[in-house]
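Welcome, and please open your viewer with the cartoon and side chains ready to switch on. We will go from strand to strand, then look inside.

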Amino acid sequence: EVARCANAERLAREGRSGWMPLPDQPDEQRSEALLALLCGATRPEALQLHRGPLEAAALELETKGYTHAYRGNFVTLDGTQVRESCVGRLSLEETQLLAATVQERFDPAVLRLVPCGPAQVVALLRSEHDPISPGVHPALTDGDLDLYLPQGRKGEWARKVLDESGRVLARLTVNEVRVDLGENPATHLWLWGGGRFYTPGPRMGALLTN
């Protein structure tokens with residue numbers, strides 16, 4: 001009630017309330033696409049938005065040489081279950097250590113991992129496959145992971161990073177300490193929200209800037 005939220009207050013004064021039917025296609029139900037539609041973007045423009053490229057743009061990362069970006073969460077997997085979809089109480093320094101350990105398994109000119117917050121990274125990717133599979137947020141999974149992990153050539157990078165990270169993270173001291181403290185270890189890096197970089201038109205550019 002006391003926070004100064006100039007943009008939210010402006011939306012409350014100038015915006016309109018109403019109902020927006022949820023699209024039938026899962027790809028159109030992504031939060032970034034729905035928010036763009038609410039802000040006045042056209043459907044084709046909204047469907048071009050993906051979480052990974054948006055976060056890379058927000059961080060003002062140098063993306064030359066890369067074609068796509070994913071958002072990544074360090075997660076705790078227990079068999080086929082996601083025990084924790086974004087490992088809690090993980091510091092930025094620990095996240096940087098985990099990301100550097102996984103990065104050693106990949107050529108940074110092809111896949112570059114950039115920590116962007118506790119337990120979170122942006123993964124810049126140079127891929128010959130277009131489109132890539134965007135992947136599913138780990139919090140949305142339930143049961144058999146094979147039903148949610150992207151399949152085929154479009155999803156090979158998301159699966160490869162998950163598998164390789166699982167091989168190198170388990171033996172890290174930071175995870176051993178977390179287990180001793182009764183906390184969930186960061187067992188894997190899960191990529192989601194993937195999409196191609198694109199140059200927005202004037203209308204979409206104005207929406208993203210605002």
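Two strands count as paired here if DSSP finds at least two bridges between them. Keep in mind as you look around that this is a predicted model.

**Stop one: strand β1 and its partners.** Select residues 68-78, which make up strand β1. This strand is mostly covered, with 10 of its 11 residues buried. Now add residues 120-125, strand β4, which runs antiparallel to β1 and pairs with β1 over six bridges. Click on G72: its bridge partner in β4 is V121.

Stay on G72 and bring in residues 188-196, strand β5. Here β1 has another antiparallel pairing, over seven bridges. Which residue of β5 stands opposite G72? Label L191 and you have found that residue. G72 thus has a partner in β4, V121, and one in β5, L191.

**Stop two: the hairpin.** Move along to residues 81-84, strand β2, an antiparallel partner of β1 over three bridges. To see the two strands face each other, show L77 together with V82 of β2, which stands opposite. Two residues lie between the strands of this hairpin, and G79 takes a positive phi near 70° there.

**Stop three: the nonpolar core.** Select F74, L98, V102, L111 and L189 and show their side chains. In the largest nonpolar core, which has 26 residues, these five touch the most other members. Colour by element next: β1, α5 (92-103), β3 (111-117), β4, α6 and β5 each give two or more residues to this core. Which element gives the most? That is α6, with five residues.

**Stop four: the cavity.** How many cavities of 30 Å³ or more does the structure hold? There is one, and the largest cavity contains about 40 Å³ of space. To display its lining, select Y148, L149, P150, A158, R159, L162, W190 and L191. Two elements give two or more residues to this lining: α6 (156-169) and β5. Of the elements, α6 gives the most, with three residues. Colour the lining by class and you should see seven nonpolar residues, one charged and no polar. You may recognise L191 in that selection, since we met L191 earlier opposite G72.

**Stop five: the cysteines.** Show the sulfur atoms now. How many disulfides does the structure hold? The count is zero. Start with C39: the closest cysteine sulfur is that of C5, and because the two are 16 Å apart, they are too far from each other for a bond. Then go to C86, which is in no disulfide either; its nearest cysteine sulfur belongs to C116, 9.1 Å away. For comparison, the cut-off for a disulfide is a pair of cysteine sulfur atoms within 2.5 Å. While you are at C86, switch on the surface: this residue is partly exposed, with a relative accessible area of 24%.

**Last stop: helix α7.** Select residues 173-180, helix α7, and pick out V179 within this helix. V179 is partly exposed, and its relative accessible area is 49%. Finally, draw a distance from the C-alpha atom of V179 to that of R105. These residues are 74 apart along the chain, and your line should span 24 Å.

Key: Residues are numbered from 1 along each chain as its sequence is written. This is a predicted model: local features need pLDDT of at least 70, side-chain atom pairs count only at pLDDT 80 or more; totals for chains, interfaces and linings use all residues. Side-chain values use heavy atoms; hydrogens and water are left out. Buried means under 20% relative accessible area, exposed over 50%, partly exposed in between (1.4 Å probe, protein chains only). Helices (H or I, at least four residues) and strands (E, at least two) are DSSP runs, numbered from the N terminus. On a 1 Å grid over the protein atoms alone, a cavity is a set of points where a 1.4 Å probe fits but cannot get out, and a pocket is an open set with protein on both sides within 12 Å along at least five of seven lines; lining residues have an atom within 4 Å of a point. Grid points are joined across faces, edges and corners, and a volume is the space filled by probe spheres set on the points. Ala, Val, Leu, Ile, Met, Phe, Trp, Tyr, Cys and Pro count as nonpolar, Asp, Glu, Lys and Arg as charged, and the others, Gly among them, as polar. A nonpolar core is a set of buried Ala, Val, Leu, Ile, Met, Phe, Trp, Tyr and Cys residues joined through side-chain atoms within 4.5 Å.
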